[in-house]
Amino acid sequence: MRRILTTGSLWAIDRFALVLSAAIVQVVVARKLGPENFGTLSYLLALITMALPFSRMGLTGLLVKNLLERPDVETLILRAALTWRLLGVLTAGVIALVGGSGAIAALLILAMLGTALQLAEHSAQARSAPLEIVPIRLAITLIGAVTKIAVASATANPLLVAWIFAAEYAAQGAAQWFALSRYRGFFLRPTLDQEWSGYFVTRAPWLVISEAMSMLYHRIDIVMLERLRGPAEAGIYATAARLSEVWYAVPQLVMVALFPVLWQLRERESRWREGIQATADALFWTAFGVALATQFLAQPLVMVLFGAEYREAAPILALHIWAGLFVFMRALVSRWLIAEDLIRLSLWSHGAGALTNVLL
């Protein structure tokens, strides 16, 4: 418990700052751009989000698991992971260049490359060493938030604001690349290690497709609305969706802090199951309380934060917030599936969600 409180509080500060800055940026940028331009920005950011799984290549939970099991070969694991991620960026980048405009493809490639380099945080999570990551990430987040607001205020150009988002991904990636050299003492470069490259090739494809499906059903709604109904309505919807999704950082924080501790309980099956159940209960009731409160606060919240031109977002928010019950528990389920080597189930569940969202 002492360890959870010590390391967890630092991760909590990190996540809270990220969530708070994202919320402030959303409110200010939405006001500066207006519904139509904000809809265009949301469309571009949705494209970035749907491309990011190819830069992570399904390794997020898998890396932490293996770094916990085999800390003695951390260098080989991370170098093999970087190789796998760069292959994903290359593949997705070629597809983006062939299938879309050059400007949007360059935007996606910059964001994906920055995300691919963000490997130091997995090492820090496995070793419960947040001080290696949190300070520099918070500094870049603060600079990025100020820059986004300044650019939106000065230009009201959604494409320029989207470039700032992509540049922030790149800056975070470069910072984590240098962090590994400073704190772990090795140079992160692509390496085709036979053991770990083979391990990732056999397991990661299921996870990358699963994550792609997850991002698809989280963001395809905004993309389809922009194409079918125009950027103004997409902007109204995105306002509600993003306000609801601000809370999704909470279960991610809980799992970052708790999963290494839960992993140690696997030595005793009963304690492992009790820990999983207790975490699931806490996540559910937290999400339920947030959703219930939002039912009464949606209208005044939207009016105060975004203004009258976004008032139609209030009933969307009141409904969208209930997805949090399942998203909160899914953060635990995703880690549990990896721990139990049930990776294929993750693909089927995310695929069903993506298909349902597109059809509806």
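This is a short walk through a predicted model of one protein, from overall shape down to single residues.

Start with the fold. The protein has 15 helices and zero strands. Its radius of gyration is 20 Å, and the globule rule gives 21 Å for 360 residues. Those two values are close, so the protein is as compact as a globular protein of that length. If you want box dimensions, the C-alpha atoms fill roughly 55 × 45 × 40 Å along the principal axes.

Next, packing. Of the 360 residues, 52% count as buried. Now look at contacts with a sequence separation of 6 or more. Residues 24 or more positions apart account for 83% of them.

Then the surface. The protein exposes about 16,500 Å². Carbon and sulfur atoms supply 68% of that area.

On to charge. There are 29 positive and 23 negative charges in the protein. The mean positions of the two sets are 3 Å apart. In general, side chains of opposite charge can pair when their charged atoms come close. How many salt bridges does the structure hold? Five. I will take three of them.

The first one on my list is Arg137 with Glu121. Their side chains meet at 3.5 Å, N to O. Arg137 sits in helix 7, residues 134-155, and Glu121 sits in helix 6, residues 120-126. The two are 16 residues apart, and the pair links distant parts of the chain. Are these partners buried or exposed? Arg137 counts as buried, at 7% relative accessibility. Glu121 is buried too, with a relative accessible area of 10%. The cut-off for buried is under 20%, so both values qualify.

Next pair: Lys148 and Glu168. Here the N to O distance is 2.6 Å. Lys148 belongs to helix 7, and Glu168 to helix 8, residues 158-183. They are 20 residues apart in sequence, so this salt bridge ties together parts that are separated along the chain. Lys148 is buried at 7%. Glu168 is buried as well, at 15%.

Third pair: Arg227 and Glu226. The closest N and O atoms are 2.7 Å apart. What about burial for this pair, buried or exposed? Arg227 is exposed, with a relative accessible area of 57%. Glu226 counts as buried, at 10%.

Now some single residues. Begin with Leu107, in helix 5, residues 102-116. Leu107 is at 0% relative accessibility, so it counts as buried. What does Leu107 touch, leaving out residues up to four places away in sequence? Ile48, Ala162, Trp163 and Ala166. For a long-range reference, take Leu107 and Leu337. They are 230 residues apart in sequence, and their C-alpha atoms are 33 Å apart in space.

Stay with the stretch between helix 7 and helix 8. Ala156 is in that loop. Its phi is near 55°, a positive value in a residue other than glycine. As background, most residues other than glycine have a negative phi. Ala156 is partly exposed, with a relative accessible area of 29%.

Move along to Tyr183, in helix 8. Tyr183 counts as partly exposed, at 34%. Beyond its neighbours within four places in sequence, Tyr183 is in contact with Leu131 and Glu132. Where is Tyr183 relative to Ala120? In sequence, they are 63 residues apart. In space, C-alpha to C-alpha, the separation is 9.3 Å.

Last stop is Pro190. Pro190 is found in the loop between helix 8 and helix 9, and helix 9 covers 194-229. Its relative accessible area is 47%, so Pro190 is partly exposed; the exposed class starts over 50%. Which residues does Pro190 contact, apart from its neighbours within four places in sequence? Arg79, Leu82, Thr83 and Leu86. Pro190 and Thr115 are 75 residues apart in sequence, with 15 Å between their C-alpha atoms.

To recap. This is a predicted model with 15 helices and zero strands. Five salt bridges are present. Among them, Arg137 with Glu121 links helix 7 to helix 6, and Lys148 with Glu168 links helix 7 to helix 8. Ala156, in the loop between helix 7 and helix 8, carries a positive phi.

Technical notes: Residues are numbered from 1 along each chain as its sequence is written. This is a predicted model: local features need pLDDT of at least 70, side-chain atom pairs count only at pLDDT 80 or more; totals for chains, interfaces and linings use all residues. Side-chain values use heavy atoms; hydrogens and water are left out. Helices (H or I, at least four residues) and strands (E, at least two) are DSSP runs, numbered from the N terminus. The radius of gyration is taken over C-alpha atoms; the globule rule is 2.2 Å times the number of residues to the power 0.38. Buried means under 20% relative accessible area, exposed over 50%, partly exposed in between (1.4 Å probe, protein chains only). Contact means heavy atoms within 4.5 Å. Accessible areas come from the Shrake-Rupley method with a 1.4 Å probe; for residues, only the protein chains shown count as cover. Lys and Arg count as positive and Asp and Glu as negative; His and the chain ends are not counted. The place of a charge is taken as NZ of Lys, CZ of Arg, CG of Asp or CD of Glu. A salt bridge is a side-chain nitrogen of Lys or Arg within 4 Å of a carboxyl oxygen of Asp or Glu.
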